[in-house]
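Welcome, and please take a moment to look at the model below. We will walk through it together, one region at a time.

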Amino acid sequence: MQLALLLIAAYLIGSISFAVVVSRVFGMADPRTYGSGNPGATNVLRSGNKLAAALTLAGDAFKGWLAVVLAAAIAPAAGLDALAVPAAALAAFLGHLFPIFLRFKGGKGVATAAGVLLGASGWLGLAVFGVWLGVAFTLRYSSLAALCAALASPALALVFGLDNNWIISISFMSALLLWRHKDNIKRLVAGQESRIGSKKKEA
């Protein structure tokens with residue numbers, strides 16, 4: 001019962017869409033009504049409001065980190081085993097992808113995954129961010145950078161000594177990130193993906 005409650009709480013934290021919340025606070029249009037329709041920081045940036053986009057990015061990352069930190073604090077007191085925290089991390093990530101508050105239509109999960117990884121291990125989070133930054137800086141494709149970071153995450157988790165429960169959880173998140181970027185993958189293969197700094201808007 002305690003594990004179920006922990007997972008529900010983590011899922012609800014992940015279900016908070018900062019793209020929608022921040023847009024409402026700033027009096028902006030719902031991010032689901034323009035650009036790619038994705039409730040995430042990249043689409044909020046298309047509104048032209050960089051502060052709103054930055055706050056969305058920070059909020060989505062923070063909720064992933066928060067879910068992990070809270071689970072790590074609660075699990076021992078509740079007598080839960082080592083599976084609890086990685087499972088809560090995955091629940092928070094699923095909350096972002098399939099938020100109950102938005103009829104289960106959420107974002108792609110890059111920022112939330114980053115927050116989860118930082119909560120699991122600061123060094124792991126920084127290493128994965130380094131992969132993202134390196135690809136983004138050299139090739140200027142945000143989506144490709146996210147895909148490379150997702151693919152590298154399980155291996156880096158192993159390098160940094162995370163246990164098997166975390167490896168499995170992070171592997172699931174990585175697979176889901178690849179799936180959520182399937183349209184970006186098609187555009188990359190076709191040479192139609194927008195580069196960072198390009199004014200071309202993604203579908």
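The paragraphs below move from helices to single residues, then to a pocket and some loops.

This is a predicted model, in which local features need pLDDT of at least 70, side-chain atom pairs count only at pLDDT 80 or more, and totals for chains, interfaces and linings use all residues. Residues are numbered from 1 along each chain as its sequence is written, and side-chain values use heavy atoms, with hydrogens and water left out.

Let us begin with helix α6. Helices here are DSSP runs (H or I, at least four residues; strands are E, at least two), numbered from the N terminus. Which residues of α6 are buried? They are Ala111, Thr112, Ala113, Gly115, Val116 and Leu117. Buried means under 20% relative accessible area, exposed means over 50%, and partly exposed lies in between, with a 1.4 Å probe and protein chains only. The cover over these buried residues of α6 includes α4 (50-77), α5, α7, α8 and α9. Here contact means heavy atoms within 4.5 Å.

Ala113 is a good residue to pick out in helix α6. Ala113 counts as buried because its relative accessibility is 7%. Leaving aside neighbours within four places in sequence, Ala113 is in contact with Phe93 and Leu177. Its C-alpha atom is separated by 9.4 Å from that of His96, and the two residues are 17 residues apart along the chain.

From α6 we can step across to Ile170, whose place is in helix α9. Is Ile170 buried or exposed? Ile170 is buried, because its relative accessible area is 1%. Not counting residues up to four places away in sequence, Ile170 touches Leu117, Leu124, Ser153, Pro154, Ala157 and Leu162. One of these partners, Leu117, is 53 residues apart from Ile170 along the chain, while their C-alpha atoms are separated by 8.2 Å.

Next comes a pair of helices. Helix α8 (residues 142-159) and helix α10 (residues 182-190) pack at an angle of about 115°, and their axes are 10 Å apart. Each axis is a line fitted to C-alpha atoms, for helices over the stretch in contact, and angles run from 0 to 180 degrees between N-to-C directions. Where do they meet? Ser143, Leu144 and Leu147 in α8 meet Asn184, Ile185 and Leu188 in α10. The residues of this contact divide into four nonpolar, two polar and no charged. In this sorting, Ala, Val, Leu, Ile, Met, Phe, Trp, Tyr, Cys and Pro count as nonpolar, Asp, Glu, Lys and Arg as charged, and the others, Gly among them, as polar.

Helix α10 also takes part in a pocket: α10 gives the most to the lining of the second largest pocket, with four residues. A pocket is an open set of points on a 1 Å grid over the protein atoms alone, where a 1.4 Å probe fits, with protein on both sides within 12 Å along at least five of seven lines; lining residues have an atom within 4 Å of a point. About 330 Å³ of space lies in this second largest pocket, a volume being the space filled by probe spheres set on the grid points, which are joined across faces, edges and corners. Its lining has 16 residues, of which Ser36, Gly37, Asn38, Gly106 and Arg180 lie nearest the centre. By kind, the lining divides into three nonpolar, five polar and eight charged residues.

Now turn to helix α2 (residues 18-25), where Ser23 lies. Ser23 counts as buried because its relative accessibility is 1%. Not counting residues up to four places away in sequence, Ser23 touches Phe18, Met28, Ala29, Pro31 and Val44. Val20 also has its place in helix α2. Val20 is buried, because its relative accessible area is 5%. With residues up to four places away in sequence again left out, Val20 touches Asp30, Pro31, Arg32, Pro39 and Leu102.

We finish in the loops. Arg103 lies in the loop between α5 (84-97) and α6 (110-120). Arg103 has a positive phi of about 60° although it is not a glycine. Arg103 counts as exposed because its relative accessibility is 73%. Arg140 lies in the loop between α7 (122-139) and α8, and its phi is near 65°, a positive value in a residue other than glycine. Arg140 is partly exposed, because its relative accessible area is 38%.
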